Amino acid sequence: MTTHDALLPAAVLQRKAVVYVRQSTPPQVQPNLESQRRQYELVDVARRSGFTDIDVIDDDLGRTASGTVERPGFDRLVAALCAGQVGAVLCLDASRLARNGRDWHHLLELCGLVDARVIDLDGVYDPCRPNDRLLLGMKGSISEFELGIIRSRMYEAARSKAKRGELRISIPIGYSWDRHIGLGLDPDRRLQEVIRLVFQKFRELGSARQVLLWMASQNVHFPYPSDGRTLTSFEWRPIRYRNVISILKNLFYAGVYAYGKSEKRTTIIDGRARKSYGHRKPMGTWEVFIQDHHEGYISWAEYERNQELLAGNAYGRVGDTKSGRGGRALLAGLICCARCGRRLSVLYTGRYPRPVYRCEQPNVQLGQRRCLTVAGKRIDETIAVEMLRAVTPMAIEAAEEAERMLRDEDQDRRRIAELELQQAQYDASLAERRYAACDPDNRLIAAQLEKAWKTAASGLALPDKPSIAVLAFQNMSGDRDQESRNGRHSFEIDVLARHARGKMRANSNLSSPLRDENCR
């Protein structure tokens, strides 16, 4: 580094000085105001150095200088250097300008070509001079190396903590982090019951779609974070398919703690490295996989069964067992072509629609002839007769099992309705207490609290939809009537079952060899 007068001649001072201001991430921009203030104070440094035309470039606030994102402010600086308009570049330190060797050395090359200076708090540097160029190169290398060291320390600390299962990763709905007890189930019983109900109905129905349809028919609501991110407060809305499938596919509900499930990939676009995140990795390559880490809603064995069932339900995947499709046809989506192995489609023809099974994929995809076309009436009747013949000996047990399933379903619906009603009562009570605690003279606040209280008390969530409390009350009233009917039906089935079993035993005794021998 040479003297001030030799490094800043009059020709350099006649050009403008550029003050480059940058912070690495958006969260640093608002709280870290002291760093911004120090960088903007470089304007006074430029004036004291003799510059009269000073330009501040702060377009890159909240952008990293690692070379993986676009920096419009840095591009403006490079364009001004190429035009020969810049006499000096001022920065707080080398890391503000660049944290990668490509941008840093490219900037130094341009400054050397146009005879521009680099100024920081330590002094003035001329990139054309070998000693100054060596010092600037070392500062840039140290800045790049420092970023790598910081990242390495952070990632290693996170991995070490994750291996012990103590790293606070993002958790799904139904769990909460507590500063005293750590990870545990969400204390909201209503929320727990909804999640358990999803697993229970999938265990019974075997289809995520059927779980959605059942819960929608029973008006079961699902919690959504009020602000869209944090799991502190929820809004209860009608459940969607993505809610059901996300619960069934999330292994966190099986008590598994996993870390390192995805990876980043780097590609070169327009001469710059671009990183993309969130690429899933195979389960065997995950960095951390801890079973029975926390209390789960289901076991790991049940989770694996659920994944196999979901994979088998994927319609159109070759070689998997399919579930029956809708429509009048009995075997829709279940039978395959013996020639090409593709699944047969169903066509309904005639004035009174009758199913026709045909293999039309070769015709649709390849323009070839259809493998076969066969009427479905006789096939469906034959299969139906064989099915009834197979289940006839178990008719009584099937009726009792169906009755038990109906009782369990009624209990689940009533339990959810009671929790919804309790939530609605709490909301109304809370709104009432808030209104009672308000100063009545402050009408600006009291009017709004009064409106919220009336809305909560009357349960008017939406004008065209009944409230949760009203629906819960209707469900509970219907459940009481259904429970009495179920009691009578259960008694009748039990009497019929005993009578049928007695008849079967009597017939068995009459036809036994011992009985025949005594008759002789």
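**Aromatic rings and a small sheet**

Trainee: Does Tyr253 count as buried or exposed?
Mentor: Tyr253 counts as buried, because its relative accessibility is 3%. Buried means under 20% relative accessible area, exposed over 50%, and partly exposed in between, with a 1.4 Å probe and protein chains only.

Trainee: What kind of model is this?
Mentor: It is a predicted model, where local features need pLDDT of at least 70 and side-chain atom pairs count only at pLDDT 80 or more, while totals for chains, interfaces and linings use all residues. Residues are numbered from 1 along each chain as its sequence is written, and side-chain values use heavy atoms, leaving out hydrogens and water.

Trainee: OK, how many aromatic pairs are there?
Mentor: Rings of Phe, Tyr and Trp (its six-membered ring) pair if their centres lie within 6.5 Å; planes under 30 degrees apart are stacked, over 60 edge-to-face, and the rest tilted. That rule gives 10 aromatic pairs. Take Tyr175 and Tyr253: their ring centres are 6.0 Å apart and the planes stand at 40 degrees, so this pair is tilted.

Trainee: And where do Tyr175 and Tyr253 lie?
Mentor: Tyr175 is in strand 6 (residues 175-178), and Tyr253 is in the loop between helix 12 (241-249) and strand 10 (257-259), so the pair ties together parts that are 78 residues apart in sequence. Helices (H or I, at least four residues) and strands (E, at least two) are DSSP runs, numbered from the N terminus. Tyr175 is buried as well, at 1% relative accessibility. Both tyrosines belong to one aromatic cluster with Phe199, Phe252 and Tyr297.

Trainee: New topic! In what order do strands 14, 15 and 16 sit in their sheet?
Mentor: These 3 strands make an open sheet in the order 14-15-16, with antiparallel pairing. Two strands pair if DSSP finds at least two bridges between them. Strand 14 (345-349) and strand 16 (373-375) are at the edges with a single partner strand each, so one side of each has no neighbour in the sheet.

Trainee: How many bridges join strand 14 to strand 15?
Mentor: There are 5 bridges, and strand 15 covers residues 354-358. Thr349, for example, has Arg354 in strand 15 as its bridge partner.

Trainee: Which helix packs on that sheet?
Mentor: Helix 15 (residues 377-391) does, touching strand 15 and strand 16, and its direction makes about 100 degrees with that of strand 15. Contact means heavy atoms within 4.5 Å. Axes are lines fitted to C-alpha atoms, for helices over the stretch in contact, and angles run from 0 to 180 degrees between N-to-C directions.
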